[in-house]
Amino acid sequence: MILASQSPRRRELLAEAGFELTIAPADIDETRRPGEKPVDLVLRLAAEKAEAARANLSHVPADGFLVAADTIVWMGDEALGKPRDASDAARMLRELSGHTHEVSTGVCAMRLSPDGSELSRAHFVETTDVTFWELTDREIEAYVATGEPLDKAGAYGIQGAGRLLVRGIEGDYPNVVGLPIARLVRELGRLVCDERDLIADAIRIGGAHA
Ligand SMILES: Cc1cn([C@H]2C[C@H](O)[C@@H](COP(=O)(O)OP(=O)(O)OP(=O)(O)O)O2)c(=O)[nH]c1=O
């Protein structure tokens, strides 16, 4: 599988499901368009990342997949991407404090032929609701000082110390971390028309990591 992402979390989730990965990062402009809904934004960015990575491929593994994703945190109409700096991270965490927000990951997965052309595509968005505890200024300050928020949408990582901010979630957990792996494996299975085998393989390999 070619993964069009620099995210170490996405790499780990796919490796734990048994995929051998080649990383082909795609640099694109991630600016939200005026009036663009958060779910439309992540769908568009995932497709743009996949297309940019495909255009630069020098080698395609036989029977290969290419996967790209984009994750955003949002509340109402406000989309929270990665914070600009520590004070922007603190501002985001103050907004999330005591409230429920949505985390949406857009995914674009292509099945490629050996010449790099696209045979078929799965393109979907998965959304998880996350509720934060009420956070004090001292808690926010301590968390921002860890540096953890800086490369993460919404300024937290649920897989790290950010789990101490979370009261509950509804929906898929890996989706918050950056990739809805269970749904992705099922969608890939549909692309190769061999759904059960792909999922069973991922479960066997995932079990060996537990
Ligand atoms: C909410 C949340 C986000 N994140 C991360 C997932 C993504 O890596 C990041 C959102 O930024 P993205 O732009 O989706 O991804 P990225 O820049 O890390 O990687 P690339 O564009 O190369 O694919 O925030 C967590 O790790 N944990 C969390 O709890």
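Me: How much space lies in the second largest pocket?
Reply: About 370 Å³ lies there; a volume is the space filled by probe spheres set on grid points, which are joined across faces, edges and corners. This is a predicted model, where local features need pLDDT of at least 70 and side-chain atom pairs count only at 80 or more, while totals for chains, interfaces and linings use all residues. Residues are numbered from 1 along each chain as its sequence is written, and side-chain values use heavy atoms, leaving out hydrogens and water.

Me: What makes a residue part of the lining of the second largest pocket, and which are closest to its centre?
Reply: A pocket is an open set of points on a 1 Å grid over the protein atoms alone, where a 1.4 Å probe fits, with protein on both sides within 12 Å along at least five of seven lines; a lining residue has an atom within 4 Å of a point. This pocket has 18 such residues, and Leu13, Glu16, Ala17, Pro174 and Ile181 are the closest to its centre.

Me: Which residues lie closest to the centre of the largest pocket?
Reply: They are Arg10, Lys49, Asp70, Lys82 and Asp151, out of 35 lining residues. The space in this pocket is about 720 Å³. Strand 3 gives the largest share of its lining, five residues; strands are DSSP runs of E with at least two residues, helices runs of H or I with at least four, numbered from the N terminus.

Me: How do you know where the ligand sits?
Reply: The test is that more than half of its atoms lie within 2 Å of the pocket's grid points. By that test, the ligand sits in the largest pocket.

Me: What makes a residue count as near the ligand, and how many surround it?
Reply: One of the residue's heavy atoms must lie within 4 Å of the ligand. On that basis 21 residues surround the ligand, with Ser5, Gln6, Lys49, Lys82 and Ile158 the closest. Strand 3 supplies the largest share of this shell, four residues.

Me: Why is the pair between Lys49 and the ligand called a polar contact?
Reply: The limit is a pair of N or O atoms within 3.5 Å. A side-chain N or O atom of Lys49 is 2.6 Å from a ligand oxygen, so the pair qualifies. A backbone N or O atom of Ile158, at 2.7 Å from a ligand oxygen, therefore also meets the limit.

Me: How much of the ligand's accessible area does the protein cover?
Reply: The protein covers 95% of the 590 Å² that the ligand has on its own, by the Shrake-Rupley method with a 1.4 Å probe.

Conventions: A polar contact is a pair of N or O atoms within 3.5 Å; within protein, one must be able to donate a hydrogen and the other to accept it, and residues adjacent in sequence count only if both atoms are side-chain atoms.
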